[in-house]
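Here is a briefing on a single protein chain. The sequence and the model come first, and the notes come after.

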Amino acid sequence: MTSAQGVPFLKGHGTENDFVIIPDPDGLLDLSPEAVARLCDRRAGIGADGVLRVVRSAAHPEARAMAGDAEWFMDYRNADGSVAEMCGNGARVFARYLEREDLAQPGDLAIATRAGVRQIHIAKEGGDITVAMGTAQLPEGADAEVTVGVGGRAWPARKVGMGNPHAVAFVADLAEAGPLLEAPETLPATAYPDGVNVEFVVDRGPRHVALRVHERGAGETRSCGTGACAVMAATARRDGADPRRDGVPATYTVDVPGGRLVITERPDGEIEMTGPAEIIAEGRVDSGLLP
């Protein structure tokens, strides 16, 4: 993949959650954590919240078992180089890239992720992209609640799993979370052994909320797709809505700093996220950045 001309890349974002896209269809590139961190550095690199490596499922050891269901594997890395299970905004940008390169067409598409195969629908003429995000895991009883803290303040939070871990805290004002330069404290300390994404949430109206999020491995970001889904599920339960129990779908509008997402939970528990995705640049990065 590397050459004197450098390594091809693209830049894209979904509600301003931005990503460096590295096409590597045959899985030839050894993308180290250090290389990912350099790519995502906003001063010395390209700058992004994470990296999307585009690999054929059959060419990646973690995805070969899914190759019969999804041709393409989204190898997602956080900005610090750590591996992540899933990224909802990233999945939309990944699908937009495949469409742009004529590797997928408007309509239905399956992609492989570390959280399993995800179904995607690409609207025609560059419209929004819908991602089937799977079901929310919502522990009950003593296992359901944790505490998150910032700057000496603390709030109860709801544990939610969306293929990756989340803690959802409802606050009176999003400013209460402070600058979010460091990861919020979570208690008990054993609740999230691999780190956690923390969402702070306020109400905007009926079935309409807004959030700020600190993503593990990336810091505060302009948007988090799995976080928006976790927030929707936690808010619905707080409001007494449970589509799996009631048999009635629930749809919430979730405002993020970078835009707006629409999240629906169906009676079968599947959560669907709809929002925009754009490819904004392409070029080549010096191969020295990816030793």
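The notes below cover the overall fold, the surface, one run of strands and one residue.

This is a predicted model, in which local features need pLDDT of at least 70, side-chain atom pairs count only at pLDDT 80 or more, and totals for chains, interfaces and linings use all residues. Residues are numbered from 1 along each chain as its sequence is written, and side-chain values use heavy atoms, with hydrogens and water left out.

**Overall fold**
- The protein contains 18 strands and four helices; both are DSSP runs numbered from the N terminus, with at least four residues for a helix (H or I) and at least two for a strand (E).
- The radius of gyration is 18 Å, which agrees with the value near 19 Å that a compact globule of 291 residues would have; the radius is taken over C-alpha atoms, and the globule rule is 2.2 Å times the number of residues to the power 0.38.
- The C-alpha trace spans about 55 × 40 × 30 Å along its principal axes.
- Of the contacts (heavy atoms within 4.5 Å) between residues at least 6 apart in sequence, 62% join residues at least 24 apart.

**Burial, surface and charge**
- Of the 291 residues, 55% are buried, where buried means under 20% relative accessible area, exposed over 50%, and partly exposed in between (1.4 Å probe, protein chains only).
- About 12200 Å² is exposed, and carbon and sulfur atoms supply 49% of it; areas come from the Shrake-Rupley method with a 1.4 Å probe.
- There are 43 negative and 29 positive side chains, with the centres of the two sets 1 Å apart. Asp and Glu count as negative and Lys and Arg as positive, leaving out His and the chain ends; each charge is placed at NZ of Lys, CZ of Arg, CG of Asp or CD of Glu.

**Strands E15 to E17**
- Strands E15 (residues 250-256) and E16 (residues 259-265) run antiparallel and are joined by seven bridges; pairing requires at least two DSSP bridges.
- These two strands form a hairpin with two residues between them, and alanine 250 stands opposite glutamate 265.
- E16 also pairs with E17 (residues 270-275), in the antiparallel sense, over four bridges; isoleucine 263 has methionine 273 as its bridge partner in E17.
- Four residues lie between the strands of the E16 and E17 hairpin, where glycine 269 takes a positive phi near 95°.

**Aspartate 108**
- Aspartate 108 lies in strand E5 (residues 107-113) and counts as exposed because its relative accessibility is 67%.
- Leaving aside residues up to four places away in sequence, aspartate 108 touches Ile120 and His121.
- Glutamate 125 is 17 residues from aspartate 108 along the chain, and their C-alpha atoms are separated by 14 Å.
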